[in-house]
Amino acid sequence: MRHFAFGLVAALWGTTALSQATPEGAADLTALLQTYLGSAPGVVTVAPEGEVYGVKLDFAPLLAKLPDTGAEASITPIEFKLTDNDDGTWEMTQDQSFDLQIKVPGQMEMSLHIANVAGEGTFDAGLQTFSTSSTSFTDLAMVQKTTDPAMGDNTVNYTIASGSYESTAEEGADGGVDTTMTYAVEGVAETFSLPPMGEGAPPSEITLRAESYTGNGGAEGLRPDAMYKLLAFFVANPSEAAIAAQQGELKTILTDGLPLFAHLVSTSTATAITVETPMGPAALASAEITVEANGIVEEGLFREAFVLKGLELPAGLVPDWAVPLVPSDLSLDFKVTRFNLLAPAQLLLSALDLTKDPQLPPEVEGQLLGALLPEGVVDVTLAPGGATAPVYALGYEATITAGPMTPMPTGTAKLSLTGMTEINAALAAAPEEVKMQAGPMLAMAEGMAKPGENGALVWEVEMTAEGALLVNGTNMMGGQ
């Protein structure tokens, strides 16, 4: 919130010298901010306050200009102090509360309250973002109510006791900005309602809590200038008709702003997670999630990974015989590559015409898939991961190629398992119908396995373009 509001002045500050807090300097800052937020009265207020400038951004007049759909919204004005370092950098401080209200009749209501948001940072006009920044907040509370004719009303309550955020930025390659960030929050809780399980039954609730939630990450080749120009465009053109009339300017902003960012990655970890359910309490010692992606570039990349540790399910949820088979730890890491985001983006920007119906020529729609998948396939990589239960450990990894240009997915996979004897012992206590279904399958799998390290059973799988499925060299289906 603070970063974006202040960053609006970035593109022009490099040519403006405001060495002291004066009425003239305040007028210049007002004009700069109005470049992005428009000149509607009351939106931008800048006043000299001794050695600093006091800035207030009130978005209410902008919200009033949006098309009348019956929706209502209100937001606390953003207020901060600026000090000119007279070297192309500015010091910024903020200390305020914050409220946001949104209401769409018959669909949803949302309210957000933060008791205090405080922070400081150094804004670098050359980078068009903060070179260093830190922010903290306390007592965040959000309530969201949605209405669904089929499922009924649903309410979600979300609270955080406190949180902090720190970031740095430096000049990157190709005119972009490279950033790093860390964050931490404590006392996370979320409560949401579930629809009634039967006629006349009351709704039930699930409450999730986490002792802490921490993370770190960064972005390479970020284009903050494109973000500011896009905001300025949509403020100046709030209606669909205006956007269509000025689509040439919009296309230029997007074209010049590509790839928006080159690469980003973020890893987050939640600890001491508990879940209160109608069936009883569940818990998770920790959950780590990593997300990685490239921007709108030729070498497409999307990756997501998670590691769960210390899973505990509600007592009685799983039959006693199956308790040893429930994993307590689980890891999964998959990546998709060999696709192109730049080519279809360029094709869309070239062919799209918002003044026509249809907006995209039919022949272009047929070209988009080919632009996205120039080789007709994507590669999906499953990095080494596994699941661990009280009586077994399962490992897996795979590399698969699939897409419209290959009739059958191709690739290889490897599975390894320790604890087959213990699994069979647990199944011995299972109901007869379970043993009849699972027993023969496990026996066949064990018979096809080859020995691995530390007594593990190993299955090496290969899928060929001809449709063969080889398990340790034995073809399990048609093809060659």
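Before we look at any strands, let me say that two strands are counted as paired if DSSP finds at least two bridges between them. With that in hand, please keep in mind that what we have here is a predicted model, in which the mean pLDDT of the chain is 90 and 93% of its residues reach 70 or more.

Let me begin with strand β5, residues 89-104, which is joined to strand β3, residues 72-75, by 4 bridges, with the two strands running antiparallel. If you look for a particular pair in this arrangement, you will find that I75 has L100 in β5 as its bridge partner. Strand β4, residues 78-84, is also antiparallel to β5 and is joined to it by 4 bridges, and here D84 is partnered with W90 of β5. Between β4 and β5 there is a hairpin with 4 residues between the strands, and in it D86 takes a positive phi near 60°.

How many bridges pair β5 with strand β6? The two strands, of which β6 covers residues 108-124, pair in the antiparallel sense over 15 bridges, and within that pairing L100, which we have already met as the partner of I75, has L112 as its bridge partner in β6. These strands also form a hairpin, this time with 3 residues between them, and G106 in the turn has a positive phi of about 80°.

Still on β5, we come to M92, which lies in this strand. Is M92 buried or exposed? M92 counts as buried because its relative accessible area is 1%, and the cut-off for that word is under 20%. From M92 to P224 there are 132 residues in sequence, while the distance in space is 18 Å, C-alpha to C-alpha.

Now let us move to a helix, namely α8, residues 342-351, where L342, P344, A345 and L349 are buried, and where the buried residues pack against α7 (247-257) and α9 (362-372).

On the surface, M279, L311, L313 and L317 make a nonpolar patch of about 350 Å². One of these, L311, is found in the loop between β13 (301-309) and β14 (329-337), and L311 is described as partly exposed because its relative accessible area is 35%, which falls between the limits of 20% and 50%.

I will finish with a caution about residues 1-18, where pLDDT stays under 50, although the model has 66 contacts there beyond four places in sequence. Where pLDDT is low, the predicted coordinates should not be read in detail.

Technical notes:
Residues are numbered from 1 along each chain as its sequence is written. This is a predicted model: local features need pLDDT of at least 70, side-chain atom pairs count only at pLDDT 80 or more; totals for chains, interfaces and linings use all residues. Side-chain values use heavy atoms; hydrogens and water are left out. Patches are made of residues with over 30% relative accessible area and no salt bridge: like charges are joined within 9 Å, nonpolar side chains (Val, Leu, Ile, Met, Phe, Trp, Tyr) within 5 Å. Accessible areas come from the Shrake-Rupley method with a 1.4 Å probe; for residues, only the protein chains shown count as cover. A salt bridge is a side-chain nitrogen of Lys or Arg within 4 Å of a carboxyl oxygen of Asp or Glu. Buried means under 20% relative accessible area, exposed over 50%, partly exposed in between (1.4 Å probe, protein chains only). pLDDT is the predictor's confidence in each residue, from 0 to 100. Contact means heavy atoms within 4.5 Å.
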